[in-house]
Number of protein chains: 2
Amino acid sequence: MELLKKTILEKGIVLSDSILKVDSFINHQVNPVLMREIGKEFKKLFSHVKITKVLTAESSGIAPALMTALEFGVDLIFARKRQSLTLKDDLLTAEVFSFTKQEVTTLTVSRQHIDRSDVVLLIDDFLANGEVAGGLVKVSEQVGAKIAGFGFVIEKTFQKGRAMLEKTGIAIESLARISSLANGKITFID
Amino acid sequence: MELLKKTILEKGIVLSDSILKVDSFINHQVNPVLMREIGKEFKKLFSHVKITKVLTAESSGIAPALMTALEFGVDLIFARKRQSLTLKDDLLTAEVFSFTKQEVTTLTVSRQHIDRSDVVLLIDDFLANGEVAGGLVKVSEQVGAKIAGFGFVIEKTFQKGRAMLEKTGIAIESLARISSLANGKITFID
């Protein structure tokens with residue numbers, strides 16, 4: 001997606017060989033026009049599938065997932081990482097270990113909103129080691145929902161997320177694929 | 001806002017005299033069409049102000065704030081409650097005590113994205129005791145940004161948030177104002 005790649009080159013900041021900071025337009029400050037275009041792009045890429053729900057995890061996944069859900073005309077569910085006052089019973093959970101943060105987070109989704117009739121599109125801002133996506137798969141599997149695809153805004157192809165998710169046989173689409181952040185330089189593949 | 005009130009009556013669940021569960025359409029599962037209409041409504045209510053940034057807090061504020069930012073054609077900033085790997089330097093912070101959760105959270109915003117030239121619209125899903133809104137005001141004041149208004153999706157008028165925020169003299173708009181949840185019944189005022 002050209003607009004996205006252009007924005008990454010202009011505004012992304014390489015913090016290390018593995019960390020790209022995109023907090024001026026994706027995951028702290030958010031450009032809503034870019035998000036709307038991202039939603040349209042995911043709709044185009046998965047237009048052949050009859051999606052019933054978009055699923056993501058708080059917080060950075062919410063903006064691209066919301067715009068994608070709007071395009072598909074379906075509801076979005078964001079899995080909680082923090083405890084919620086009203087999300088207490090009938091919960092689906094998956095423990096997720098973050099390599100980057102070196103901590104375990106529990107993803108929580110209410111069983112009220114997803115069931116075996118659902119066809120789910122998983123959306124997230126980054127595909128790196130695939131921990132969060134893997135957790136969302138586990139949550140979906142607990143109720144027998146079908147996962148139609150994975151959509152990531154940015155993929156770091158030098159980390160192991162794609163290899164892990166490819167084992168599921170589910171389609172993976174990333175809007176910008178970064179093969180290297182070495183020497184402070186952002187290199188895309190495609 | 002009629003569509004919102006109708007949805008609250010149909011899908012909101014009264015958990016106690018003070019807690020309304022709206023997690024099937026606002027803060028866990030999210031209805032993107034409703035969010036788009038909410039964004040349009042806030043645009044209408046604050047159309048006389050030249051907003052430069054929409055500010056909210058993760059996670060439930062992100063969806064309505066994103067749609068509002070899209071309508072205004074400006075960026076959204078969501079304050080972090082959890083630590084972020086890339087949000088480390090040059091931070092504006094405000095400690096917020098949550099009466100409902102009985103815990104202190106630190107709201108964090110990067111100084112990179114907000115300054116004294118900004119005219120900020122604060123958006124959140126709920127106005128209850130006003131803790132989060134108060135924290136966002138503190139963050140904005142640290143850089144001398146002007147706050148143009150507060151926009152809440154749902155206000156619980158029987159809690160003390162509005163009285164607290166009115167002291168700032170800043171305009172407050174809530175799209176649905178609930179005066180009571182007593183006996184499991186949702187009562188709106190207008």
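**Exercise 1. Find the residue that stands opposite A:Thr93 in β7(A), and describe the pairing to which the two belong.**

Solution. In this predicted model, A:Thr93 stands opposite A:Thr108, which lies in β7(A). The next step is to look at the strands themselves: β6, residues 91-98 of chain A, is joined to β7, residues 103-110 of chain A, by 8 bridges, and the two strands run antiparallel. Between the strands of this hairpin there are 4 residues, and in the hairpin A:Gln102 takes a positive phi near 55 degrees. As background to that last value, most residues other than glycine have a negative phi.

**Exercise 2. Give the order of the strands in the open sheet that runs from β11(A) to β3(B), and name its edge strands.**

Solution. Begin with the order, which is β11(A)-β10(A)-β9(A)-β8(A)-β4(A)-β5(A)-β3(B), so that 7 strands form an open sheet with mixed pairing. The edge strands are β11 of chain A and β3 of chain B, each of which pairs on one side only. Inside the sheet, β9 of chain A, residues 146-156, pairs with β10(A) in the parallel sense over 6 bridges, and A:Ile154 stands opposite A:Ala176 of β10(A). Between β10 (172-180) and β11 (187-188) of chain A lies the loop that holds A:Asn183, a residue other than glycine whose phi is nevertheless positive, near 55 degrees.

**Exercise 3. Work out which strand of chain A joins β5(B), and follow the sheet from there to its other edge.**

Solution. The strand is β3 of chain A, residues 29-30, which is joined to β5(B) by 2 bridges and runs antiparallel to it. Within this pair, A:Gln29 stands opposite B:Ile77 of β5(B). From there the order of the open sheet continues as β3(A)-β5(B)-β4(B)-β8(B)-β9(B)-β10(B)-β11(B), a set of 7 strands whose pairing is mixed. Its edge strands are β3 of chain A and β11 (187-188) of chain B, and each of them pairs on one side only. At the chain B edge, 2 bridges join β10, residues 172-180, to β11(B) in an antiparallel run, with B:Ser180 standing opposite B:Thr187.

**Exercise 4. Describe the contact between chain B and chain A by its residues, its buried area and its polar contacts.**

Solution. First count the residues: chain B gives 47 residues to the contact, and chain A gives 47 residues as well. Next comes the area, for the two chains bury about 3,900 Å² between them, with 59% of it on carbon and sulfur atoms. On the chain B side, the residues that lose the most area to chain A are B:His28, B:Arg82 and B:Thr86, which together make up 19% of what that side buries. Then turn to the polar side of the contact, where 19 residue pairs are in polar contact, both residues being at pLDDT 80 or more, while the rule finds 0 salt bridges across the interface.

The elements of chain B that each supply at least two residues to the side touching chain A are β2 (20-21), β3 (29-30), α2 (32-45), α3 (62-72), β5 (75-79) and β7 (103-110). Of these, α3(B) gives the most, with 6 residues. Sorted by kind, the residues of that side divide into 22 nonpolar, 14 polar and 11 charged.

**Exercise 5. Determine how chain B is related to chain A, and why the relation is that of a two-fold axis.**

Solution. Two copies of a chain are related by a rotation about an axis and a shift along it. Here a rotation of 180 degrees, with 0.0 Å of shift along its axis, superposes chain B on chain A at an RMSD of 0.0 Å, and therefore the relation is that of a two-fold axis. The same surface serves both copies, since 100% of the contact residues of chain B recur in chain A.

Finally, consider the residue of chain B that comes closest to the rotation axis, which is B:Ser59 with its C-alpha at 2.8 Å. B:Ser59 has its place in the loop between β4 (53-57) and α3 of chain B, and the peptide bond that leads to it from B:Glu58 is cis, with omega near -5 degrees. In chain A, a cis peptide bond joins A:Glu58 and A:Ser59, with omega of about -5 degrees, and A:Ser59 lies in the loop between β4 (53-57) and α3 (62-72) of chain A.

Key:
Residues are numbered from 1 along each chain as its sequence is written. Chains are lettered from A and ligands numbered from 1 in the order in which they are written. This is a predicted model: local features need pLDDT of at least 70, side-chain atom pairs count only at pLDDT 80 or more; totals for chains, interfaces and linings use all residues. Side-chain values use heavy atoms; hydrogens and water are left out. Contact means heavy atoms within 4.5 Å. Buried area is the accessible area (1.4 Å probe) that two parts lose on being put together, summed over both. A salt bridge is a side-chain nitrogen of Lys or Arg within 4 Å of a carboxyl oxygen of Asp or Glu. A polar contact is a pair of N or O atoms within 3.5 Å; within protein, one must be able to donate a hydrogen and the other to accept it, and residues adjacent in sequence count only if both atoms are side-chain atoms. Ala, Val, Leu, Ile, Met, Phe, Trp, Tyr, Cys and Pro count as nonpolar, Asp, Glu, Lys and Arg as charged, and the others, Gly among them, as polar. Two strands pair if DSSP finds at least two bridges between them. Copies are superposed by least squares on the C-alpha atoms of residues with pLDDT of at least 70 in both.
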